[in-house]
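Colleague: Before we talk about any single residue, could you show me the sequence and the structure, and then let me ask how each label was earned?

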Amino acid sequence: MASEATPRINAKYLDSFTNQIVRILGKVVSLRGETATIDANGSINLHLNRDAHLSLNNAVEIVGKVQPDLSVKVLQATDFGSNIDFNAVEAVVDATHRYKEIFYETND
């Protein structure tokens, strides 16, 4: 049975999750029509869906599928506003991968 987990990642983990659904929290740094770029410990290009309503410089949580070119196809986007502690976000991402057996299945 396939896992329902959506591992929390940032830009440095994209290549480990190609063709998988993930969760990313980052700051919106650019919006261009149906695409956007967020900073999540590195730049990530997003392909937005019609329901994604992002605001420049706000934090956004993305649930999406990592594409072969390491962009992310957005399935769901939630605006988290501008009062986010990104150091805490990075600590959670780090813990997620340090103790990955708790948070998601791997093919190791």
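**Reasoning from values to labels**

Modeller: The side chain of N10 makes a polar contact with the side chain of E90, at 2.7 Å, and please keep in mind throughout that this is a predicted model.

Colleague: What makes the pair N10 and E90 a polar contact?

Modeller: A polar contact is a pair of N or O atoms within 3.5 Å, one able to donate a hydrogen and the other to accept it; the side chains of N10 and E90 come to 2.7 Å, so the pair is counted under that cut-off. The side chain of N10 also has a polar atom that lies 3.1 Å from the backbone nitrogen of K12.

Colleague: Why is N10 called buried?

Modeller: Buried means under 20% relative accessible area, and N10 has 2%, so the label applies. N10 sits in the loop between β1 and β2 (21-32), and, leaving aside residues up to four places away in sequence, N10 touches A40, N41, I44, E90 and V93.

Colleague: N41 is on that list of residues touched by N10; why does N41 count as partly exposed?

Modeller: Partly exposed covers the range between the 20% limit for buried and the 50% limit for exposed, and N41, at 47% relative accessibility, therefore counts as partly exposed. N41 is placed in the loop between β3 (35-39) and β4 (43-47), and its phi is near 55 degrees, a positive value in a residue other than glycine.

Colleague: Which other residue has a positive phi, near 70 degrees, and why is it called partly exposed?

Modeller: That residue is L70, with phi near 70 degrees although it is not a glycine, and L70 is found in the loop between β5 and β6. Its relative accessibility is 32%, so L70 counts as partly exposed.

Colleague: Is S71 buried or exposed, and what value decides it?

Modeller: S71 has a relative accessible area of 4%, and it is therefore buried, given that the label requires a value under 20%. S71 lies in the loop between β5 (59-66) and β6 (72-81), where its side chain makes a polar contact of 2.9 Å with the side chain of H47. Beyond residues up to four places away in sequence, S71 touches N45, H47, K65 and V66.

Colleague: Which residue does the side chain of R8 join through a polar contact?

Modeller: The side chains of R8 and E61 are joined by a polar contact of 3.0 Å, and R8 itself lies in strand β1, residues 8-9. With residues up to four places away in sequence left out, R8 touches R23, L25, E61, V92, V93, T96 and H97. The C-alpha atoms of R8 and A95 are 9.7 Å apart, although 87 residues separate the two along the chain.

Colleague: How do you know that the radius of gyration of the protein chain agrees with a compact globule?

Modeller: A compact globule of 108 residues would have a radius of gyration near 13 Å, and the protein chain has 13 Å, so the two agree. Along its principal axes, the C-alpha trace spans about 40 × 30 × 20 Å, and 36% of the 108 residues count as buried.

Colleague: What is the order of the elements from the N terminus on?

Modeller: The protein chain has two helices and six strands, and their order is β-β-β-β-β-β-α-α. Among contacts with a separation of 6 or more, 52% come from residues 24 or more positions apart.

Notes: Residues are numbered from 1 along each chain as its sequence is written. This is a predicted model: local features need pLDDT of at least 70, side-chain atom pairs count only at pLDDT 80 or more; totals for chains, interfaces and linings use all residues. Side-chain values use heavy atoms; hydrogens and water are left out. Helices (H or I, at least four residues) and strands (E, at least two) are DSSP runs, numbered from the N terminus. The radius of gyration is taken over C-alpha atoms; the globule rule is 2.2 Å times the number of residues to the power 0.38. Buried means under 20% relative accessible area, exposed over 50%, partly exposed in between (1.4 Å probe, protein chains only). Contact means heavy atoms within 4.5 Å.
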